[in-house]
Amino acid sequence: MQLWKKNFLVIYGIFLVVVNAGLFLLDNYISKNEASQWIDQAKNSERSIYYLAAGLKEEEISRMSMNLNEAAERYEESGVHIRASVNGYVAADHFPEEQTPEEVLEGPLIEVRRMGGERWLVIQEAGREGEDLIVVEYAQELEDLSRIQTTRMWIFCGAGLVFSGIMGLFLYYTMRRINRPVNQIAHELRTPLTGIRGYAEYLMMGKLSEEDRFFAASQIVESAKHLEDVTEKLLIMGNVREGAIRIERIDIRQMLLKLKEKYPDIETDCRLEFLNGDKALVFCLLDNLTANAVRVGNKVRIAASEEGIRVWNNGEPMDEKILKDINRGQELPASRMGKHGYGIQVCREIARAHGWKLRFRSSKGEGTEAFCQITPDIN
Amino acid sequence: MADILIVEDDRRINELIRRTINMTGHMGVPAFSSREALSVLEEKRIDLILLDIGLPDMDGFVLMRQIAREFNGIPVICVTARDEVPDRVKGLKGGAEDYIVKPFAMEELLARVQVVLRRFHKEQSIFHIRDVEVDLAGADVKKGGEHTNLTKQEYELLKVLLLNKNIALSRERLLELAWGMDYYGDDRTVDVHIRRLRQKLGLENEIKTIFRYGYRLEI
């Protein structure tokens, strides 16, 4: 397995643990708070029943217990069951039948019991009010609370899954994007290395004429130059990616003159005086585009205007699929891009670092044009 | 002598492979794109294809499948910079006889070419060096029509030199190829056997000493 994939799995694993543990703790915290709110509410309800029972006078206990009974019935509708007695006289009894009353201790006892397969919050309290012994038993179904908590747990699980999935995909593609150019550069290094090694072995092992020796030596020099070129681009890309760019005022006319010195056959048309950007990187961008154009066509024109810089050549057009892929921003290996594409990745990185756009147009009869747009889109 | 098609878009590498292959007596035929490769295959009888996977006009794996379909029976060796296991597996499963990753040693490329040619019975088996005739298939060496009294080890050494003719082989490499990886001999073992070969077959001028390196059989 590639190193970056291993790194991805480790990071994603840690991410999953952190996210899921976080969600679990959050759910736990919310549930605890919710349960304690329910208990407080139940305690208040139980207390009000207790006070109601304590208010019953012996002489009118049977009449007043009607009120208590009515209150208990209303509670029952909302899933709360009550049994209340005063000095042994049961004023209201709406307690579930399965619940066998135990010895009721003084002071409230609060607990969660399982009755008939369901969870109940049970509060039992016995207290003396003057001469009277008041006993209140309060039981509230916890089904609603359980349902709310279970629903929330599933929502958290789902959200955790979706979030982890999205983040995982994002992380995977980001790591792959970062890693891929390294792979491609490694591939690009292999070709000149094969040339250097191969021709050196050819020189060493073969029975060669003087002409063959010269040819092999010149191929080693050319391969070494190619290698130098690739490493140079690698360094530039490294700097660009690390954001090490220095914006300054560039005399674009001077830069085109410098390019003309390097490629004497090209035509230049400069309608732009200055440009803000990193001088070395912008030169590298134009140099790469021009070198590609010169390699492909025998007529090359560079035109700079307020809109951007165009590098045109009259050579063979680019393959339609490759053109589509590079305009979509895909990173293609140099071998697929052929003569057109050497260093395009570097050019794109430089343009991106400046906030510019690099687009290509190519067709038979019209040639190939690389356009570096330096102004933002109007629409 | 085998005709070997070299499908590689990098001209420098293509030329390097062609020259190295030609040195050993085979004939390298260059092609720089899949289109060229297919047209060469239509025109010429090819014994082996060295195929780069990263071609500009077509994916090498696709080309390999097309070759298998249209020109059945021509062995293919993939020569590529892609060194990842899925690529190797894809290449070998797609019908490649072997898979070589760049940068490679020319010696290694030649050894693999030989192995594949041998597997497909396309390797040259009879060699003539002046009045010496070597039949590798029959393991027989004649000088002036007479059987020679080469020892087994001398014959092995001669075979290695013949299969790598015109290529300089170091003494260490000769030990490895003719004696085997497990043999713990020193350089003088090679020198002694080369001297005997030269004497028995009269190949003093053909088996050249490469100063401080090894030997080369020049035919």
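Two strands count as paired if DSSP finds at least two bridges between them. Helices (H or I, at least four residues) and strands (E, at least two) are DSSP runs, numbered from the N terminus. With that settled, welcome to the tour.

**Before you click**

This is a predicted model, in which local features need pLDDT of at least 70 and side-chain atom pairs count only at pLDDT 80 or more, while totals for chains, interfaces and linings use all residues. Residues are numbered from 1 along each chain as its sequence is written, and chains are lettered from A and ligands numbered from 1 in the order in which they are written.

**Stop 1: both chains**

Start with the whole model, which scores ipTM 0.83 and pTM 0.59. Select chain A: it has 9 helices and 12 strands. Of its 379 residues, 29% are buried (20 or more other C-beta atoms within 10 Å of the residue's own; 12 or fewer is exposed, in between is partly exposed, and C-beta atoms are placed from the backbone). Residues are in contact if their C-beta atoms, placed from the backbone, lie within 7 Å. In chain A, 60% of the contacts with a separation of 6 or more are between residues 24 or more positions apart.

Now switch to chain B, which has 8 helices and 12 strands. Buried residues make up 37% of the 219 residues in chain B. Among contacts in chain B between residues at least 6 apart in sequence, 54% join residues at least 24 apart.

Try colouring chain B by pLDDT, the predictor's confidence in each residue, from 0 to 100. The mean for chain B is 89, and 100% of its residues reach 70 or more. Among the elements of chain B, helix H4 (residues 85-93) has the lowest mean pLDDT, 85, and strand E1 (residues 3-7) the highest, 95.

**Stop 2: where the chains meet**

Show the residues of chain B in contact with chain A: there are 22 of them, touching 22 residues of chain A. Which helix gives the most to this side of chain B? Select residues 11-23 of chain B, helix H1, which gives 6 residues. By class, this side of chain B has 11 nonpolar, 3 polar and 8 charged residues. Here Ala, Val, Leu, Ile, Met, Phe, Trp, Tyr, Cys and Pro count as nonpolar, Asp, Glu, Lys and Arg as charged, and the others, Gly among them, as polar.

**Stop 3: backbone oddities**

Most residues other than glycine have a negative phi, and most peptide bonds are trans. Zoom in on B:Lys102 and B:Pro103, which are joined by a cis peptide bond with omega about -5°. B:Pro103 lies in the loop between strand E5 (98-101) and helix H5 (106-119) of chain B.

Next, go to B:His121, in the loop between H5 and strand E6 (126-129) of chain B. Its phi is near 55°, a positive value in a residue other than glycine. Is B:His121 buried or exposed? B:His121 is exposed, because 8 other C-beta atoms lie within 10 Å.

Then select B:Asn166, in the loop between helix H6 (152-163) and E10 of chain B. B:Asn166 has a positive phi near 70° and is partly exposed, with 18 other C-beta atoms within 10 Å.

**Stop 4: two hairpins**

Select residues 132-135 and 140-143 of chain B, strands E7 and E8, which run antiparallel and are joined by 4 bridges. B:Val132 stands opposite B:Lys143 in E8(B). This hairpin has 4 residues between the strands, and B:Ala139 takes a positive phi near 50°.

Extend the selection to strand E9 (residues 146-147) of chain B, which pairs with E8(B) in the antiparallel sense over 2 bridges. Here B:Lys142 stands opposite B:His147. The E8(B)-E9(B) hairpin has 2 residues between its strands, and B:Gly144 in the turn has a positive phi of about 60°.

**Stop 5: a helix crossing**

Show helices H7 (residues 171-179) and H8 (residues 187-201) of chain B, whose axes come within 9 Å and cross at roughly 75°. H7(B) is therefore roughly perpendicular to H8(B). (Axes are lines fitted to C-alpha atoms, for helices over the stretch in contact, with angles from 0 to 180 degrees between N-to-C directions; under 35 degrees counts as roughly parallel, over 145 as roughly antiparallel, 65 to 115 as roughly perpendicular and the rest as oblique.) B:Arg171, B:Leu174 and B:Leu175 in H7(B) meet B:Asp187, B:Thr189 and B:Val190 in H8(B).

**Stop 6: an open sheet**

Finish with the open sheet of 3 strands in chain B, ordered E10-E12-E11 with antiparallel pairing. Its edge strands are E10 (169-170) and E11 (207-210), each pairing on one side only. E11(B) is joined to E12 (residues 214-217) by 4 bridges, and B:Ile210 stands opposite B:Gly214 in E12(B).

Methods. Contact = placed C-beta atoms within 7 Å.
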